[in-house]
Amino acid sequence: MIPKRHKPPQPIAPGLYPYAHEEDGALTRFHLRVEPDGQGMLLANATAAARLNPAGVVMVKELLDGVSPDDVLDDVLARFKGASKETIAFDLQRVRSLLSSLASPDDNYPIINFNEIQVNVFESQLLAPLEASVPLAAPEKMVPILDKMWNVGIPHVTFLAPEQPNAAHLVRAVERAEDLGLIAGVRGRATDLHADNLLLDLAQAGVDHVTVLYAAADAAIHDALCGAGDHALVADLYATIEANEVCPVAEIPLVESTLDILRQTLTRLWDAGVSNFSFFAIVAPEGMSDADRAGALTAQAMPQTAAWVEEIAHQADVLFIWQPPVQRDPRLTLAEQVRLGPRCSGDAAVRIEANGDVIPPRGPYLKAGNLLADPWQQIWGNDAFVRYRERVTAPTRCMDCPGLVICEADCPREQSSWAQGVEGALA
């Protein structure tokens with residue numbers, strides 16, 4: 001009798017797989033993203049948790065699907081030949097421990113610096129960026145963008161609130177993101193997020209984190225950059241954010257006036273219960289006059305400045321992410337550039353405009369394609385991303401500043417690596 005040949009297990013299709021896990025009243029949202037080459041990334045409440053090889057992807061997905069550990073072990077042994085049962089069993093136990101440890105993460109803010117992913121985020125095998133920053137728009141524009149983001153596998157969106165945002169539009173955007181299973185954040189000034197019941201409405205809609213522009217502990221410095229009276233609203237806004245069980249984040253612009261008191265700024269925010277920070281520097285290219293620079297940082301000073309910022313952040317024991325430096329635009333005041341903010345939330349992110357245009361995180365403001373009109377693979381392979389890949393894959397470290405987090409994507413002195421052109425929530 002000829003034995004029946006069993007069909008090999010079907011590979012796990014590339015894409016984004018959402019899961020919700022509740023333990024002791026705390027809800028953890030897992031996102032498993034499977035890349036075309038079978039590798040994957042597991043995120044818990046949008047915090048980068050683990051980079052997974054193909055076997056790890058199978059283990060995580062089947063455990064989250066409710067498959068028994070014994071059946072997971074048998075399936076992995078059937079899929080991957082050559083490893084012993086003891087080795088697979090050991091790896092499976094590690095995956096189970098990982099899922100258990102992530103069941104109740106401390107907050108919902110994704111801290112993903114380039115060096116923490118341990119993968120080139122623009123390798124061709126990566127399915128899509130991990131986050132998109134999207135300027136707020138009316139629902140008829142925002143909903144199709146969010147739907148397409150989900151379809152292409154982008155798990156996290158940050159809505160960039162303009163000055164005096166339409167509260168109903170902002171709440172509706174968060175609701176739609178929540179309906180889809182996306183992690184959702186909002187970024188803006190205290191002045192614009194302090195409207196009556198807006199934070200409560202956003203919390204009820206399911207917002208995961210709120211990022212507030214915070215320039216300095218000194219009210220005069222802060223208000224000169226963020227607007228008169230803004231500093232007086234920040235403490236109450238952060239208290240409201242935490243009272244509604246939403247993760248608070250501080251976005252700190254780095255210019256000459258804010259650097260002078262950065263240590264005091266971090267201390268003040270820490271005392272207010274904020275432990276997640278993002279930094280973006282506004283940098284003037286070589287040869288720009290002091291009048292046009294207007295207090296922006298100089299390119300030559302960036303490595304030393306970054307080293308000092310990272311030292312302070314480590315001493316304060318805070319979580320932080322670097323956003324790509326922003327090139328100083330003398331057509332705007334420095335305060336206008338600070339309020340506009342960075343192009344997007346880091347090197348694992350992109351910017352998607354309200355019309356669907358996709359912009360890489362660094363370099364000139366170049367459209368890579370349109371999310372609503374073009375195939376994603378065509379966008380991902382566009383020259384705008386190719387040029388960026390050429391920068392980040394080339395060696396950028398040197399003996400001048402070994403070990404700096406900011407240097408993982410590119411040298412902060414290099415003007416070609418800065419975000420240039422139209423930026424921020426008001427662009």
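1. In this predicted model, W376 is a sensible place to begin, and with a relative accessibility of 8% this tryptophan counts as buried. W380 likewise counts as buried, its relative accessibility being 4%, and for both the reasoning rests on the cut-off of under 20% relative accessible area.

2. W376 and W380 both belong to helix α15, which covers residues 376-380, and because they are 4 residues apart there, about one helical turn separates them.

3. A search of the whole structure for aromatic pairs finds 3 of them. One is formed by F279 and F320, whose ring centres are 5.9 Å apart and whose planes meet at 45°, so this pair is described as tilted. The two phenylalanines bring together distant parts of the chain, since F279 sits in strand β10 (residues 276-284) and F320 in strand β12 (residues 319-322), with their positions 41 residues apart in the numbering.

4. As for the surroundings of these two rings, F279 is buried, with a relative accessible area of 0%, and F320 is also buried, with a relative accessible area of 6%. Another of the pairs is that of W376 and W380, where the ring centres lie 5.5 Å apart and the planes are at 25°, so the arrangement is stacked; the cut-off behind that word is an angle of under 30 degrees.

5. Finally, the reader may wish to look at F279 and F320 together with W322, for these three residues form one aromatic cluster.

Methods. Residues numbered from 1 in each chain as written. Predicted model: local features only at pLDDT ≥ 70, side-chain atom pairs only at ≥ 80, totals over all residues. Heavy atoms only, no water. Phe/Tyr/Trp six-rings, centres within 6.5 Å; stacked < 30°, edge-to-face > 60°. Buried < 20%, exposed > 50% of the residue type's maximum accessible area, 1.4 Å probe, protein only.
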